[in-house]
Amino acid sequence: MFFTRKSELIEAEKALPGRSERPFHLSEKHTVLDAPILTDTAPEGYEVAIFGLGCFWGAEEIFWKMDGVWSTSAGYAGGTTPHPSYEEVCSGRTNHTEAVRVVYDPSRVSFADLVKTFFEVHDPTQGMRQGNDVGTQYRSAIYYTTPEQEQTARELTKVYGDELARRRLGEITTEIREVPTYYYAEDHHQQYLAKNPFGYRCHANTGVKFPADA
């Protein structure tokens, strides 16, 4: 039985057990970009960032449209259950959030630019939800892969948080921590909105642009 509106993380020992390997096949090629979906190996000099900002369908679309992004994928991160299914993540019993893995060329787009876009296109003050999507899998998260990314993420979070506070729009609840294990989502979730252009997009946001001088 699944509980689709779970809004609190659970103790790790109570999480679903998962499985030892991915139980489904993934397409080799990205539907939109000239790149693979599986990016455990990326071109030399490229970097990886992982973000959680609500439903990963619309979130992935935002990032694949950014100049300098080489590949994106939808997946699960930040939780306990290894190789979870979408239904398990939605149950609230894996502690994972829906995430987007972004592989990018830092000579063309900076991590700071990715973070600024991240904050502008969702509402980082909503805790375990985005708009009408409620549950732990919709929480806001930045999972950094380098110390430099961590510094940038924390600095820009403070800048945006100060701007939201000035406008009395609430406190940022974004989870910021070192990248956990990332699990790719099922094939039909990958580039979902390229395959289903009239599909669901959740773009709850504060309407606040990132301060221009940051």
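Is Tyr 192 buried or exposed at 17% relative accessibility? Tyr 192 counts as buried, because 17% lies below the 20% limit on relative accessible area. The legends below describe close-up views of a predicted model.

**View 1. Trp 57 and Tyr 192 form a stacked aromatic pair.** The ring centres are 3.7 Å apart, and the planes meet at 10 degrees. Trp 57 belongs to helix H1 and Tyr 192 to helix H5 (residues 192–195), so the pair ties together parts that are 135 residues apart in sequence. Trp 57 has 15% relative accessibility and therefore counts as buried. Tyr 192, at 17%, is likewise counted as buried.

**View 2. Phe 51 and Phe 63 form another stacked aromatic pair.** Their ring centres are separated by 5.1 Å, with 10 degrees between the planes. Phe 51 is located in strand E1 (residues 47–53) and Phe 63 in helix H1 (residues 56–64), 12 residues apart, and the pair links distant parts of the chain. Both Phe 51 and Phe 63 are buried. Ring pairs join these two residues with Phe 111, Phe 118, Phe 119, Tyr 160 and Phe 210 in a cluster. The count of aromatic pairs in the model comes to 12.

**View 3. Helix H1 is mostly covered.** Of its 9 residues, 9 are buried. The buried residues include the aromatic Phe 56, Trp 57, Phe 63 and Trp 64, and also the acidic Glu 60 and Glu 61. The cover over H1 includes strands E1, E2 (69–77) and E3, together with helices H2 (86–90), H3 (111–120) and H5.

**View 4. Phe 63 is one of the residues that touch the most other members of the largest nonpolar core.** This core has 39 residues, and Phe 51, Val 102, Tyr 104, Phe 111, Leu 114 and Ile 142 share that distinction with Phe 63. Elements that each supply at least two residues of the core include E1, H1, E2, E3 and H3, as well as strand E6 (140–144) and helix H4 (147–166). The largest share, 6 residues, comes from H1. Beyond four places in sequence, Phe 63 is in contact with Phe 51, Leu 53, Val 69, Thr 72, Val 100, Val 102, Leu 114 and Phe 118. Another core, of 13 residues, lies apart from the largest one, and its members include Val 48, Trp 70, Ala 77 and Ala 141.

**View 5. Glu 98 is a buried residue without a salt bridge.** Glu 98 lies in strand E3 (residues 97–104). The nearest side chain of opposite charge belongs to Arg 139, 10 Å away. The side chain of Glu 98 instead reaches the backbone nitrogen of Phe 56, at 3.0 Å. Residues up to four places away in sequence being left out, Glu 98 touches Phe 51, Gly 52, Leu 53, Gly 54, Cys 55 and Phe 56, and further Gly 75, Tyr 86, Gln 137 and Tyr 138.

**View 6. The side chain of Arg 177 reaches the backbone oxygen of Gly 78.** The distance of this polar contact is 2.8 Å. Arg 177 is found in strand E7 (residues 175–178), and its relative accessible area of 31% makes it partly exposed. With neighbours within four places in sequence set aside, the contacts of Arg 177 are Gly 78, Gly 79, Ile 142, Tyr 143 and Tyr 144. The C-alpha atoms of Arg 177 and Leu 114 are separated by 16 Å, and the two residues are 63 residues apart along the chain.

Key:
Residues numbered from 1 in each chain as written. Predicted model: local features only at pLDDT ≥ 70, side-chain atom pairs only at ≥ 80, totals over all residues. Heavy atoms only, no water. Phe/Tyr/Trp six-rings, centres within 6.5 Å; stacked < 30°, edge-to-face > 60°. Helix = DSSP H or I, 4+ residues; strand = E, 2+ residues; numbered from the N terminus. Buried < 20%, exposed > 50% of the residue type's maximum accessible area, 1.4 Å probe, protein only. Lys, Arg positive; Asp, Glu negative; His and termini not counted. Salt bridge = Lys/Arg side-chain N within 4 Å of Asp/Glu carboxyl O. Polar contact = N/O pair within 3.5 Å; in protein donor to acceptor, adjacent residues only side chain to side chain. Contact = heavy atoms within 4.5 Å. Core = buried A, V, L, I, M, F, W, Y, C linked by side-chain atoms within 4.5 Å.
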